[in-house]
Amino acid sequence: MKFRPFRVSVLLLSLLIPAALVAVVFFLVAYSGQAILFNGLHFMTQISWNLGDLYSDPVTVSGISVPPGANYGILVFIAGTLASSGLAILIAVPLSVGAAIFLAEAVPHRIRPALSMLVELVAVVPSVVFGLWGITVLIPLIGRYLSPSGNGYGLLAASVVLALMITPIIASTLYDALLQVPKENRESAFALGATHFEVVAKAMLPMVRTTLIGGIVLALGRALGETMAVLMVSGGGINILPTSLFSPISTIASFIVSQLDSAESDPTNMSVRTLSEIALVLFLITLAVNATAKLLSSGALNVRKRQS
Amino acid sequence: MSASASLKVARSAQELRRLTISKLGWVACGLALALVIAPLVDIVGVVTVHGVAALSGKLFTQTTSGTANGLLNAIEGTFIITLFAMLIAVPIGIGAGIHLSEYGKNRLGGVIRFLSDVLTGTPSIVLGYFAYIVFIIGFGWGFSLAAAAITIAILIVPYLARITELALQQVPNPMREAAYALGAKDHTVVFKVVLPAASAGVITGALLGLAISVGETAPLIYTAGWSDFTWDGRFTHAPVAYLTYVIWTFIDQPDAHSHALAYAAAFLVMLVVLAINIAVRLVVRRTRLV
């Protein structure tokens with residue numbers, strides 16, 4: 001085969017992408033090695049997160065040097081992540097389904113591009129600006145009208161902000177799918193005497209169900225990894241499982257950020273290593289969720305196929 | 001007239017129920033759309049009102065000290081982080097996009113595409129932590145411009161590669177064939193024919209990457225650090241300030257002046273991000289690139 005320098009050079013450039021991903025996984029695993037050994041499996045099931053006494057001499061536990069009293073459990077953060085993302089999905093799905101239906105079917109053609117652009121723009125507002133809005137607008141509202149303690153920070157605030165951030169993902173996925181439903185299907189439903197809303201709800205929505213679920217899973221992946229907005233409004237609870245909508249929580253992602261300073265002061269580096277293990281856990285969770293979304297959406301092109 | 005009147009009389013209870021449910025359904029859907037758009041409007045409104053009120057000449061001419069004075073260091077920091085991230089990401093992303101579009105219709109291309117999507121879906125904080133253990137701890141660079149720019153570049157490259165690929169694919173094949181028939185080499189075909197024809201899409205990708213870079217926070221916390229001073233020209237061993245840091249830390253301070261700085265920073269960031277995204281959508285509306 002002839003040597004083609006141009007093709008080889010762009011190939012090498014494109015190989016940098018897998019290389020970066022491999023490097024991310026490799027270094028996270030390599031760096032967290034000792035932490036994985038030290039933390040064992042109860043890492044996932046323990047509630048208590050304790051950096052130990054950072055000012056005493058480190059003790060050696062089964063060959064690994066750690067601060068005395070150090071104990072790393074991330075159950076609270078896993079619970080916080082699942083609770084806030086799950087609740088966010090519960091809020092976001094009805095909102096985005098309704099918005100997508102209205103946008104695709106009820107809005108006059110002239111203003112439709114403008115409105116759909118507005119929905120897409122929600123997705124590009126930086127996370128930290130959502131957090132700022134959460135602190136100045138949402139938290140006082142929740143504190144005044146909903147929270148029994150008058151403190152708005154917590155699970156509900158985090159879920160609402162997350163829901164707003166992922167709504168456009170679900171809504172635009174569904175909106176695009178609804179526009180692709182074949183005309184014949186709509187018209188036959190109309191011909192049977194269905195009202196316009198029944199056409200949408202009973203003839204069109206079932207056709208795009210898989211696409212919708214794919215969009216929801218994709219949004220879930222985004223919610224699980226969301227960091228700044230959650231960090232700013234979640235109240236940063238540690239060492240206690242959330243018990244109500246107003247409990248302070250930490251998600252895995254927000255916890256990694258909030259621990260930077262204390263982890264740096266650990267002379268044994270064990271907490272930095274453990275944070276690396278936590279980042280690895282987050283990576284694996286989002287990988288699994290995104291892969292599911294990918295599988296769903298690749299099988300969900302059936303609407304387009306039926307059209308041809 | 002009489003026909004419709006008699007139809008109305010003939011409406012059964014079931015029909016009425018169906019019509020009512022349909023009406024209620026539309027109302028609910030309309031409300032949902034309003035609830036999706038209203039927060040955006042409120043965010044833009046709140047940030048603009050507070051941000052514009054906080055704008056002053058001092059903002060652009062003085063650096064922060066503590067939580068007072070201006071934002072010069074943060075504005076400059078965001079600018080240079082974005083600049084160097086783009087310098088790294090644009091050649092790699094466009095090169096990768098060229099490979100995927102022109103020569104990537106095989107198994108290897110599929111694998112690269114899949115892994116690129118995995119990288120896109122990876123939370124930015126995970127990338128930030130990776131950069132922290134490799135560049136800050138491993139290489140001993142400390143919080144620095146180099147670490148920040150490389151991290152942001154890793155974040156942008158997959159987007160850029162994917163958008164470039166999509167843009168190049170919309171160039172019709174006969175154009176390539178015509179160029180090859182004239183005796184053009186691979187690189188001539190790509191640089192003189194395909195890329196110019198797809199330039200709008202490629203520029204779109206680069207601009208969206210720029211918007212991501214300006215609005216990103218989490219990975220920078222672990223790589224850029226924070227500095228009260230403007231850049232001294234060093235790539236390592238010197239922390240850099242950036243605008244999004246001001247937003248998330250200054251808003252937690254008790255005094256009004258810190259809040260004003262946070263809003264001003266948020267206003268600047270939002271202005272750049274929204275301006276880029278609106279412009280891109282108006283120019284290449286629904287080409288399915290974004």
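These exercises, each with a worked solution, cover chain A and three residues of a predicted model.

Residues are numbered from 1 along each chain as its sequence is written, and chains are lettered from A in the order in which they are written. In this predicted model, local features need pLDDT of at least 70, and side-chain atom pairs count only at pLDDT 80 or more, while totals for chains, interfaces and linings use all residues; side-chain values use heavy atoms, without hydrogens and water.

**Exercise 1. Describe the build of chain A.**

Start with secondary structure. Chain A holds 13 helices and four strands. Both are DSSP runs, numbered from the N terminus: helices are H or I with at least four residues, strands are E with at least two.

Next, take the extent. Along the principal axes, the C-alpha atoms of chain A fill a box of roughly 80 × 75 × 30 Å.

Then turn to burial. Of the 308 residues in chain A, 54% are buried. Buried means under 20% relative accessible area, exposed over 50%, and partly exposed in between (1.4 Å probe, protein chains only).

Finish with contacts (heavy atoms within 4.5 Å). Among contacts in chain A with a separation of 6 or more, 78% join residues 24 or more positions apart.

**Exercise 2. Decide where in chain A the coordinates should not be read in detail.**

Begin with the average. Chain A has a mean pLDDT of 88, and 96% of the residues score at least 70. pLDDT is the predictor's confidence in each residue, from 0 to 100.

Now find the weak stretch. Residues 300-308 of chain A have pLDDT below 50. In the model this stretch has 12 contacts beyond near neighbours in sequence. Where pLDDT is low, predicted coordinates should not be read in detail.

**Exercise 3. Place B:Arg281 and list its partners.**

Locate the residue. B:Arg281 lies in helix H13 (residues 256-283) of chain B.

Classify it. Its relative accessible area is 10%, so B:Arg281 is buried.

List the partners. The side chains of B:Arg281 and B:Asn277 make a polar contact of 2.9 Å. Such a contact pairs N or O atoms within 3.5 Å; within protein, one must be able to donate a hydrogen and the other to accept it, and residues adjacent in sequence count only if both atoms are side-chain atoms. Leaving out residues up to four places away in sequence, B:Arg281 touches A:Met117, A:Glu120 and A:Val124.

**Exercise 4. Examine the positive phi values of A:Asn269 and B:Asn69.**

Take A:Asn269. Its phi is near 70°, positive in a residue other than glycine. A:Asn269 sits in the loop between helix H11 (260-264) and helix H12 (270-298) of chain A. With a relative accessible area of 25%, A:Asn269 is partly exposed.

Take B:Asn69. Its phi is near 65°, again positive in a residue other than glycine. B:Asn69 is in strand E2 (residues 68-69) of chain B. Its relative accessible area is 27%, so B:Asn69 is partly exposed.
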